[in-house]
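Student: Could we go through this one together, starting from the overall build and working inwards?

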Amino acid sequence: MANNKLFDGITVFVQVVKCGGFGAAAEVTGHSNSYVSKEIAKLESRLGVRLLNRTTRSIALTPEGKTYYQECVQLISDAEQAIAEITQSTVEPKGTLKVSCPVWFGKHYLADVFTTYLSRYPEVTLDLDMSDKPIDVIADGYDLVIRATAKLDESSLICKRIYSSRICTVASKDYIKEYGQPKYPSELASHHCFCYSNLKKSNVWEYFDSVGNKTLVEVHQRARSNNTEISLALVADGHGIIRVPEFYIESQLQSGELEILFEDYIFPQVDVYALYPTRKHVASKVRCFLELISEMVTTP
């Protein structure tokens, strides 16, 4: 049989502990001192244990009270979060959604998401930063940041993976015809390589052979850029070799404009993440944007 008094007195008990006394808790809860005292007494009687040691000037948790208090705080927090999630799910998104997104991925994979989002939620203003530069989500005031990385740095941010792709090393047919096709990554030291300057060691490329042995290659850096689209245009024009996520070059691979090198090697994976500050009380404008990405962007 259900205990209809299961939660009676819990919020009053937690307030008494937080406030450090019955009088202060009475003020916070809007009840009288006698009401608060009676609620604690009834709670202790129902539990069959003493929760608080009282003196005329102070209160102190008993060992049993300390354990019960911790559980009650978590219980209240869970209940508040459940209410917030239900409330947020019924709130129409509005306000400004500030998003940072890599240029290429935003242009080719999220353009339709942005269009649909604005059409579906007319009360939201989209503040969009198309950039590959590192962003401090909290300090720079972003609601959400999209970033592609082979290894996600540890942080307090919530990370939701939205896309995955392998990392390929490619060159154009014209480049291979003029300079030859390298058979091993170590040969890249004598080739023209285009490097991504936002990486800490942009000229050190990592490879794994078919049995998983790792090789670090210090490539000959023909050019560095923080814009992959520009670098790819130069590579496609026959000026060098580049290492990029496959989603950047799907059309060039299909047309034969670019060729993948080192097919016998294991291709590492790069993941695209949506990063945002907290899992609790996610604003409806953020939650709906994440849901739309999940609905419209899929990894092949």
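Here is a short chat about the fold, the surface and the cores of this predicted model.

Student: How many helices and strands does the protein have, and what is its radius of gyration?
Tutor: The secondary structure comes to 9 helices and 13 strands. For 300 residues the globule rule gives 19 Å, and the protein is well over that, so it's more spread out than a compact globule. Along the principal axes, its C-alpha atoms fill a box of roughly 90 × 45 × 40 Å. The radius of gyration is 29 Å.

Student: What share of the residues is buried, and what share of the exposed area do carbon and sulfur atoms supply?
Tutor: Counting residues under 20% relative accessible area as buried, you get 40% of the 300 residues. The protein exposes about 17200 Å². Of that area, the carbon and sulfur share is 49%.

Student: Which helix gives the most to the largest nonpolar core?
Tutor: That core has 44 residues, and Phe105, Leu110, Leu144, Ile146 and Phe247 touch the most other members. The top contributor, with 7 residues, spans residues 103–120: helix α5.

Student: Which residues does Ile146 touch, leaving out those up to four places away in sequence?
Tutor: Its partners include Ser100, Cys101, Pro102, Phe105 and Leu110. Further along the chain numbering, the list finishes with Ile162, Val272, Tyr273, Ala274 and Ile293.

Student: How many residues are in the second, separate core?
Tutor: Among its members are Phe13, Ile40, Leu43 and Leu51. The total for this second core is 17 residues.

Student: How far apart do the centres of the positive and negative side chains lie?
Tutor: There are 32 positive and 37 negative side chains to place. The centres of the two sets lie apart by 8 Å.

How values were computed: Residues numbered from 1 in each chain as written. Predicted model: local features only at pLDDT ≥ 70, side-chain atom pairs only at ≥ 80, totals over all residues. Heavy atoms only, no water. Core = buried A, V, L, I, M, F, W, Y, C linked by side-chain atoms within 4.5 Å. Buried < 20%, exposed > 50% of the residue type's maximum accessible area, 1.4 Å probe, protein only. Helix = DSSP H or I, 4+ residues; strand = E, 2+ residues; numbered from the N terminus. Contact = heavy atoms within 4.5 Å. Rg over C-alpha atoms; globule rule 2.2 N^0.38 Å. Areas by Shrake-Rupley, 256 points an atom, 1.4 Å probe, with all protein chains shown as cover. Lys, Arg positive; Asp, Glu negative; His and termini not counted. Charge placed at Lys NZ, Arg CZ, Asp CG, Glu CD.
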